[in-house]
Amino acid sequence: MSEVVISQSLGVEWRRKWLPIAWLAAWGLAVMSVAVPYWWVIVPLAITFWELTWQMSGTDKARVLSLERVNSRVIQWATFAAITLFALFWVCVKKWTLPVYGKVPAGKVLWTVLISPITEELFFRGLMYNGFLFVGRKLHSKRAFETLVMLFVASVFAVAHTRSGIYLALTIVAGIVYGLCRWKSGSVIPAIVCHAVFNGLVMWTFGT
């Protein structure tokens, strides 16, 4: 009985004190790993980051970033949204003969699919989105304000990717789709899934 109590105590201590530290460290390493071209570095780091992010989603700190867990149906809708977004992207590429990536190194592909969606969604649809909602928390028309926040964050997201022309417009559309995933579910997890699936489809089609 005492062993069970000790085990539970250690588990609580891990989640309360060390998990946030480990998660933030993994987040920092994940961001910096964009400069690392080796897939065998990216893969274990990505697995660690996904696992720690999932553990964080089950803590009381998840609300700060809207990282609360959602059901499988929401994930399915996020995946469908990603496929629809990719179909739009593919049509635009073919219609206007847009330049695409060409062959991308394996490490960059893996970083773009496995790490970039988490880091970007945690920042844009997590920290930034929630920051604006906090500022406007006392407004009467909260729904209209959140719509403006979603559109503004999508625009900042696109500009941060240094896009121009049709690519800027497509990136804004992508940001709006990710924002809708965040808005409708109340969690950034569907936005992460949608972003990851979309990046995966683009890289599979145009980057390999």
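**Exercise 1. Decide whether H195 counts as buried or exposed in this predicted model, and describe what surrounds the residue**.

Solution. Begin with the accessibility: H195 has a relative accessible area of 3%, and because buried means under 20%, this residue counts as buried. Next, place the residue in the fold, where H195 is found in helix 7. Then list what H195 touches once its neighbours within four places in sequence are left aside, namely P117, E120, E121, F157 and Y178. Finally, look at the side chains, since those of H195 and E120 are joined by a polar contact of 3.4 Å.

**Exercise 2. Work out how many residues of helix 7 are buried, and what distance the helix reaches from its first C-alpha to its last**.

Solution. Start with the burial of the helix: 13 of the 18 residues of helix 7 are buried, and the helix is mostly covered. Turn then to its length, for which the model gives 26 Å from the first C-alpha to the last, close to the 26 Å that is expected at 1.5 Å a residue.

**Exercise 3. Find which residues of helix 5 are buried, and which helices they pack against**.

Solution. First establish the helix itself, which runs over residues 142-160, has 19 residues and reaches 26 Å from its first C-alpha to its last, close to the expected 27 Å. Second, pick out the buried residues of helix 5, which are F145, E146, V149, M150, V153, A154, F157 and A158. Third, recall a general rule for reading such a list: an α-helix has 3.6 residues a turn, so residues three or four places apart point the same way. Fourth, identify the partners, for the buried residues of helix 5 pack against helix 4 (106-135), helix 6 (165-185) and helix 7 (189-206). Last, look just beyond the helix, where T162 follows with a positive phi, near 50°.

**Exercise 4. Decide whether H161 is buried or exposed, and find which residues it is in contact with**.

Solution. Locate the residue first: H161 is found in the loop between helix 5 and helix 6. Its relative accessible area is 18%, and since the limit for buried is under 20%, H161 is buried. Now consider its polar surroundings, where a polar atom of the side chain of H161 lies 2.7 Å from the backbone oxygen of F157. Leaving aside neighbours within four places in sequence, H161 is in contact with E120 and T171.

**Exercise 5. Describe how helix 4 and helix 6 cross, and which residues meet there**.

Solution. Begin with the geometry: the axes of helix 4 and helix 6 come within 11 Å and cross at roughly 65°. Add the handedness, which is right-handed where helix 4 passes helix 6. Then name the residues on each side, with E121, R125, Y129, N130 and L133 from helix 4 meeting G175, Y178, G179, R182 and W183 from helix 6. Classify these contact residues to finish, and they divide into four nonpolar, three polar and three charged.

**Exercise 6. For S66 and T97, state where each residue lies, and whether each is buried or exposed**.

Solution. Take S66 first, which lies in the loop between helix 2 (39-56) and helix 3 (72-96). The phi of S66 is near 55°, a positive value in a residue other than glycine. With a relative accessible area of 6%, S66 is buried. Take T97 next, whose place is in the loop between helix 3 and helix 4. T97 has a positive phi of about 50° although it is not a glycine. At 66% relative accessibility, however, T97 counts as exposed, because exposed means over 50%.

**Exercise 7. Find how far R63 is from W40 in space, and which residues R63 touches**.

Solution. Note first that R63 sits in the loop between helix 2 and helix 3. R63 is exposed, with a relative accessible area of 67%. From C-alpha to C-alpha, R63 and W40 are 33 Å apart in space, while they are 23 residues apart in sequence. Not counting residues up to four places away in sequence, R63 touches E68 and N130.

Methods
Residues are numbered from 1 along each chain as its sequence is written. This is a predicted model: local features need pLDDT of at least 70, side-chain atom pairs count only at pLDDT 80 or more; totals for chains, interfaces and linings use all residues. Side-chain values use heavy atoms; hydrogens and water are left out. Helices (H or I, at least four residues) and strands (E, at least two) are DSSP runs, numbered from the N terminus. The expected span of a helix is 1.5 Å times one less than its number of residues. Buried means under 20% relative accessible area, exposed over 50%, partly exposed in between (1.4 Å probe, protein chains only). Contact means heavy atoms within 4.5 Å. Axes are lines fitted to C-alpha atoms, for helices over the stretch in contact, and angles run from 0 to 180 degrees between N-to-C directions. A crossing is left-handed if the near helix is turned anticlockwise from the far one by less than a right angle, and right-handed if clockwise. Ala, Val, Leu, Ile, Met, Phe, Trp, Tyr, Cys and Pro count as nonpolar, Asp, Glu, Lys and Arg as charged, and the others, Gly among them, as polar. A polar contact is a pair of N or O atoms within 3.5 Å; within protein, one must be able to donate a hydrogen and the other to accept it, and residues adjacent in sequence count only if both atoms are side-chain atoms.
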